[in-house]
Amino acid sequence: MTESLPDDVAEVLELVLSTDEPVHVALRQQVPGLSVKSRCTCGCGTAYFELDTSEVVPAPTGPGTVVAADARLFTESGECPGEVLVFAQGGYLSWLEVCSWSGDVEVNLAAARRWLRPPS
């Protein structure tokens, strides 16, 4: 079942794709047309996208599947328990993956959202 793009997914995409690199600029332009096709069932927050590719221009990522953006996650204490990866297939946003490297710190989309925000 497809759902519109939830705020947590939209914000993490915005934070990870925030640079002026041409690939990131092109992928940000695809975000308004994204919807979530499915999510990982383990609770990590990984989201798989659906996108009408006839409505957007592909990003210059080349053919195949690539990691188009990534961001390491740092806790308030400076520990790095994981990362967020943004995948593109053929230049189109495909999925957002939340990866955990730690058994001690819970890494999920809510935590990634908090850790990726600039300090206030």
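Let's begin with how the chain folds back on itself: among its contacts with a separation of 6 or more, 56% are between residues 24 or more positions apart. Keep in mind, as you look around, that this is a predicted model.

Now for the overall layout. The chain has 3 helices and 6 strands, and if you walk along the sequence you meet them in the pattern β-α-α-β-β-β-β-β-α. Taken along the principal axes, the C-alpha atoms fill a box of roughly 45 × 35 × 25 Å. The radius of gyration is 14 Å, and a compact globule with 120 residues would come out near 14 Å, so the two agree. Of the 120 residues, 47% are buried. As for the surface, the chain exposes about 6500 Å², and carbon and sulfur atoms supply 50% of that area.

Next, let's zoom in on strand β3, which covers residues 47-51. In a regular strand, side chains alternate between the two faces of the sheet. You can follow two faces here as well: A47, F49 and L51 make up the covered face of β3, while Y48 and E50 sit on the uncovered one. What does β3 pair with? Strand β2, residues 34-39, runs antiparallel to β3 and is joined to it by 5 bridges. Strand β6 also pairs with β3 in the antiparallel sense, over 2 bridges. A47 is a handy residue to find in both pairings: R39 stands opposite A47, and in β6 the bridge partner of A47 is L96.

Right next to A47 in the sequence comes Y48, and that takes us to the aromatic rings. A pair of aromatic rings is described by the distance of the centres and the angle of the planes. Searching the whole structure turns up 2 aromatic pairs. In one of them, the rings of Y48 and W95 have their centres 6.2 Å apart and their planes at 35°, so this pair is tilted. The pair links distant parts of the chain, with Y48 in β3 and W95 in strand β6 (residues 92-100), 47 residues apart. F87 and W95 form an aromatic pair too, and this one is stacked, with 4.1 Å from centre to centre and 15° between the planes. Put together, Y48, F87 and W95 form one aromatic cluster.

How buried or exposed are these three residues? Y48 has 30% relative accessibility, so it counts as partly exposed. W95, at 16% relative accessibility, counts as buried. F87 counts as buried as well, because its relative accessibility is 12%.

Finally, let's leave the strands and stop at a helix. E11 has its place in helix α1, which spans residues 7-16. Is E11 buried or exposed? Its relative accessibility is 19%, and the cut-off for buried is under 20%, so E11 counts as buried. Which residues does E11 touch, once you set aside those up to four places away in sequence? The answer is R113 and R117.

Terms used. Residues numbered from 1 in each chain as written. Predicted model: local features only at pLDDT ≥ 70, side-chain atom pairs only at ≥ 80, totals over all residues. Heavy atoms only, no water. Phe/Tyr/Trp six-rings, centres within 6.5 Å; stacked < 30°, edge-to-face > 60°. Helix = DSSP H or I, 4+ residues; strand = E, 2+ residues; numbered from the N terminus. Buried < 20%, exposed > 50% of the residue type's maximum accessible area, 1.4 Å probe, protein only. Contact = heavy atoms within 4.5 Å. Pairing = 2+ DSSP bridges. Rg over C-alpha atoms; globule rule 2.2 N^0.38 Å. Areas by Shrake-Rupley, 256 points an atom, 1.4 Å probe, with all protein chains shown as cover.
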